[in-house]
Amino acid sequence: SEQAGLYTRLAKAAGSSCDVEKYAMFPMRGQEEVVELVCKDGSGGVGIFPASGKGQFLDCGRALVAGYKCGLSTKIDYSALTADLKKNNVASCVVSNSRLMAKTEKGTTLVEVACADGYKGYVLEYNTTPTVNAIGATGCAFMGGCKLPGNV
C-alpha cells in the first residue's frame, strides 16, 4: 500500500486523478519507470515516470499510442481519444473501441478508433515524443486497413 501511495502521488503530479489501488510494472524504458496503474474506481492507465522531472499518465485508451496495453483495468476510458478527434475537427464520434494500427516511417503512431454510434471510425495519428500528441485524423473510409467492427 505504501507503493500504491507513491504511484498515486506520481500520477496526480502528472495530471491524473487516479487513486491507485493496484499496479504492475512494465520493463524499464531507458531511465523511465513504466507502470500500469489501476484506480480504485476500476479505471486505469499507464504511468511513465522519468528519474527526474514530471511524468505522464496515459489512460488505457491512449496507452496504446505509447506501445502499452492495459491488462488489469476493468474499464477503459476512451474520453481522451474522443477529445483528440475533436481537436482534429471530428466532433461526431464518441470513441467506443481502439487498436494500435501501425508505426509510420516518419515515426508517428496510428491508432484506429471505432465510434459508439456504429458509423465508420477514424485513424488518429500521434507524435509520441516528447509527449503523446494527436496530429491528425483520417476516416477509415479513406484510410484503408481498418479492422474494428463497424469500420470495415
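**A tour from the pocket to the two sheets**

In this predicted model, begin by selecting the lining of the largest pocket, which by class holds 7 nonpolar, 7 polar and 6 charged residues. The space inside the largest pocket comes to about 300 Å³, and of the 20 residues that line the pocket, S16, F57, L58, D59 and A80 are the closest to its centre. Colouring the lining by secondary structure shows that β4 (56-59) and α3 (79-87) each contribute at least two residues, with the largest share, 4 residues, coming from β4.

Stay with α3 and select A80, L81, T82, D84 and L85, which are buried. Bring up the surroundings of these buried residues, and the elements that cover them include β4, α2 (60-63), β5 (95-103), β6 (109-115), β7 (122-127) and β8 (133-139). As a reminder for reading such a pattern, an α-helix has 3.6 residues a turn, so residues three or four places apart point the same way. Following the chain beyond α3 leads to N89, whose phi is positive, near 65°.

Next, select the strands over which α3 lies: the helix crosses β5, β6, β7 and β8, and runs at about 90° to β7. These 4 strands make up an open sheet with the order β5-β6-β7-β8 and antiparallel pairing. Because β5 and β8 stand at the edges with a single partner strand each, one side of each is left without a neighbour in the sheet. On average, and with direction ignored, neighbouring strands of this sheet are turned by 25° against each other. For a view of the pairing itself, zoom in on β7 and β8, which are joined in the antiparallel sense over 6 bridges; here Y122 has G139, in β8, as its bridge partner.

Now return to β4, this time as part of a sheet: an open arrangement of 4 strands in the order β1-β2-β3-β4, again with antiparallel pairing. Its edge strands are β1 (20-25) and β4, each of which pairs on one side only. Neighbouring strands here are turned by 30° against each other on average, direction ignored.

Within this sheet, select β2 (residues 32-39) and β3 (residues 44-50), antiparallel strands joined by 7 bridges, and pick out E33, whose bridge partner in β3 is F49. Finally, add helix α1 (residues 2-13), which packs on the sheet and touches β1, β2, β3 and β4, its direction making about 90° with that of β1.

Note on methods. Residues numbered from 1 in each chain as written. Predicted model: local features only at pLDDT ≥ 70, side-chain atom pairs only at ≥ 80, totals over all residues. Heavy atoms only, no water. 1 Å grid on protein atoms, 1.4 Å probe; cavity = no way out; pocket = protein on both sides within 12 Å on 5 of 7 lines; lining within 4 Å. Points joined across faces, edges and corners; volume = space filled by probe spheres on them. Nonpolar A, V, L, I, M, F, W, Y, C, P; charged D, E, K, R; others polar. Buried < 20%, exposed > 50% of the residue type's maximum accessible area, 1.4 Å probe, protein only. Contact = heavy atoms within 4.5 Å. Pairing = 2+ DSSP bridges. Axes fitted to C-alpha atoms, helices over the stretch in contact; angles between N-to-C directions.
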